[in-house]
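The exercises below take a reader through one structure, step by step. Try each task before reading its solution.

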Number of protein chains: 2
Amino acid sequence: MNEYPSILLENAVNQFASLPGVGRKTALRHVLYLLRSPEQDVERFAEALTKLRKEVRYCRRCHNITDQDVCPICQSPRRDQKTICVVENVQDVMSIENTGQYNGLYHVLGGIISPMDSIGPKDIEIDSLLARLEPEQIREVILALPTTMEGDTTNFYIYRRIQNTDGFADRIQRGEFKISQIARGVAVGNELEYTDEITLGRSIVNRIEFTA
Amino acid sequence: MNEYPSILLENAVNQFASLPGVGRKTALRHVLYLLRSPEQDVERFAEALTKLRKEVRYCRRCHNITDQDVCPICQSPRRDQKTICVVENVQDVMSIENTGQYNGLYHVLGGIISPMDSIGPKDIEIDSLLARLEPEQIREVILALPTTMEGDTTNFYIYRRIQNTDGFADRIQRGEFKISQIARGVAVGNELEYTDEITLGRSIVNRIEFTA
C-alpha cells in the first residue's frame with residue numbers, strides 16, 4: 001500500500017508541503033482538517049488562492065502590493081509626499097506601518113543586492129527609485145534595509161547612485177536632500193549583557209543626546 | 001491604512017490562518033510565497049483543494065479515506081480478512097501501516113466516545129463495526145485506541161457491545177473469537193527513570209516471557 005490511502009489526499013498534502021517551512025505531517029493535518037470542513041469553506045479557500053495570484057497587483061509607483069494601479073499609501077493626501085522609505089519587501093512595509101511612527105511613502109525593492117544569490121542592482125527596483133526622486137520632489141530617502149552584509153551593500157550602492165545623479169551631490173551638500181538610514185542599536189527591552197558586541201559598539205558610536 | 005495592503009491578500013491570509021496551528025505571520029509568509037510562485041502552480045494548489053473535498057470518499061466497509069467505493073486494504077486478497085484493527089482516525093491507519101507489522105483489516109471509528117465533547121457511541125462508527133463481525137467471519141478485533149480515559153471508555157464500550165451480541169460471549173469462551181488491545185508499556189529507547197509511574201506499573205503487570 002501507498003503511504004497515503006488516496007491520490008487526491010496525497011496531491012493536497014504535496015501542495016501544502018511545498019510551502020516553505022511546512023513538513024508532511026503538518027501538511028497532512030491541514031488536509032484532514034479541510035476534509036472535515038464544509039465543502040463551501042474549502043471552495044472559498046481555493047478561490048482565495050486563485051484570485052490572489054491572478055488579481056493582486058503591484059503599485060506602479062512604490063511596488064507595494066495593492067488591488068489598484070497606484071496603492072492607497074501613494075495616493076493618500078495625508079501622507080508626507082516628500083519622504084521615501086526604501087525597504088526590501090512587502091512585509092517590511094507592513095511592519096513599519098504597524099509601528100505607527102512613519103507617515104511618508106515607500107519604495108519596495110523586491111530584494112537586496114546579493115552576489116551569492118546572483119541578485120544584482122538590475123534585478124531589483126533601484127532604477128525606478130532613482131526615477132522617482134526628481135519628478136516627485138523627494139527631500140529625504142530613508143534606507144530601511146536588513147542589517148546584513150547584503151543590506152549594507154545595497155545601502156551603499158543606492159547612496160552612490162544618488163550621489164552620482166545630476167545635481168544631487170550639490171543638493172545634499174546644501175541640505176536640500178537627505179539620505180538617512182534606520183538606527184541600529186540595542187533593542188528595546190534587551191539587556192546589554194546579551195547584546196552582541198557589534199550592535200553594542202554601534203550603539204555607543206551612534207549615541208544620541210539624552211532627553212528626559 | 002489597513003493592516004494588509006490588499007483585500008485579496010487579506011482574504012488569502014485569513015484562509016491559511018483558519019487552519020489549526022497556523023498563525024497570521026505564517027499565513028502571510030505562505031501567501032507571499034504563493035504570490036512569487038508561477039500562476040499555474042497556484043492554480044494547481046487551488047484545484048487540489050477543491051478536488052480533495054469534492055471527490056475523496058470514505059470506504060464503505062472500513063471508513064478509511066479512499067478514491068474508490070471500497071478501499072484497497074479491504075479489497076486486497078493478500079491481507080488477513082479475519083482480523084480487524086479498530087482505530088480512531090485515518091492518521092492512525094497510516095501510522096500502523098508505516099510500521100509494516102500489521103496485515104489485517106481496519107475499522108476507522110472517526111472519533112472516540114467523549115462526553116465532554118458530547119460524542120456518544122452513536123456519533124462514531126461502532127454499529128457498523130458490529131455489523132461487520134458476523135458476515136465477514138472476523139476472528140479477532142484489535143482495539144488500537146488512544147491511551148486516554150476516552151480511549152479506555154471506548155475500548156470498554158466496544159468490548160461490552162461485542163460480548164452482548166448473540167453468540168459472541170460463547171465464541172469468546174471457546175476461543176473462536178478474540179478481543180485484544182495494543183500493548184502499553186515503556187516506549188522503545190526510553191529510560192525507566194523518565195517513564196511515568198502508571199505506564200511503568202502496567203509494563204510490569206503485563207510483562208511477557210523473555211525470548212532471546
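**Exercise 1.** Describe how helices α1(B) and α2(B) cross, giving the handedness, the angle and the residues in contact.

*Solution.* In this predicted model, the crossing of α1(B) with α2(B) is right-handed. Next comes the geometry: the axes of α1 (residues 7-17) and α2 (residues 24-36) of chain B come within 8 Å and cross at roughly 120°. An angle between 115 and 145 degrees falls outside the parallel, perpendicular and antiparallel ranges, and α1(B) and α2(B) are therefore oblique to each other. The contact is then built from L9(B), A12(B), V13(B), F16(B) and A17(B) on the side of α1(B), which meet R24(B), A27(B), L28(B), H30(B) and V31(B) of α2(B). Sorted by character, the residues of this contact are eight nonpolar, one polar and one charged.

**Exercise 2.** Work out which parts of chain B supply the side that touches chain A, and what kinds of residue are found there.

*Solution.* Begin with the counts: 45 residues of chain B are in contact with 45 residues of chain A. On the chain B side, at least two residues each come from α1, α2, α3 (39-55), β2 (65-66), α4 (72-75) and α5 (90-99). Among these elements, α3(B) gives the largest share, with 13 residues. Finally, the side of chain B that touches chain A divides into 28 nonpolar, eight polar and nine charged residues.

**Exercise 3.** State what confidence scores accompany the model and chain A.

*Solution.* The model as a whole scores ipTM 0.77 and pTM 0.75. For chain A, the mean pLDDT is 91, and 99% of its residues reach 70 or more.

Definitions and conventions:
Residues are numbered from 1 along each chain as its sequence is written. Chains are lettered from A and ligands numbered from 1 in the order in which they are written. This is a predicted model: local features need pLDDT of at least 70, side-chain atom pairs count only at pLDDT 80 or more; totals for chains, interfaces and linings use all residues. Axes are lines fitted to C-alpha atoms, for helices over the stretch in contact, and angles run from 0 to 180 degrees between N-to-C directions. Helices (H or I, at least four residues) and strands (E, at least two) are DSSP runs, numbered from the N terminus. Angles under 35 degrees count as roughly parallel, over 145 as roughly antiparallel, 65 to 115 as roughly perpendicular and the rest as oblique. A crossing is left-handed if the near helix is turned anticlockwise from the far one by less than a right angle, and right-handed if clockwise. Two residues are in contact if their C-beta atoms, placed from the backbone, lie within 7 Å. Ala, Val, Leu, Ile, Met, Phe, Trp, Tyr, Cys and Pro count as nonpolar, Asp, Glu, Lys and Arg as charged, and the others, Gly among them, as polar. pLDDT is the predictor's confidence in each residue, from 0 to 100.
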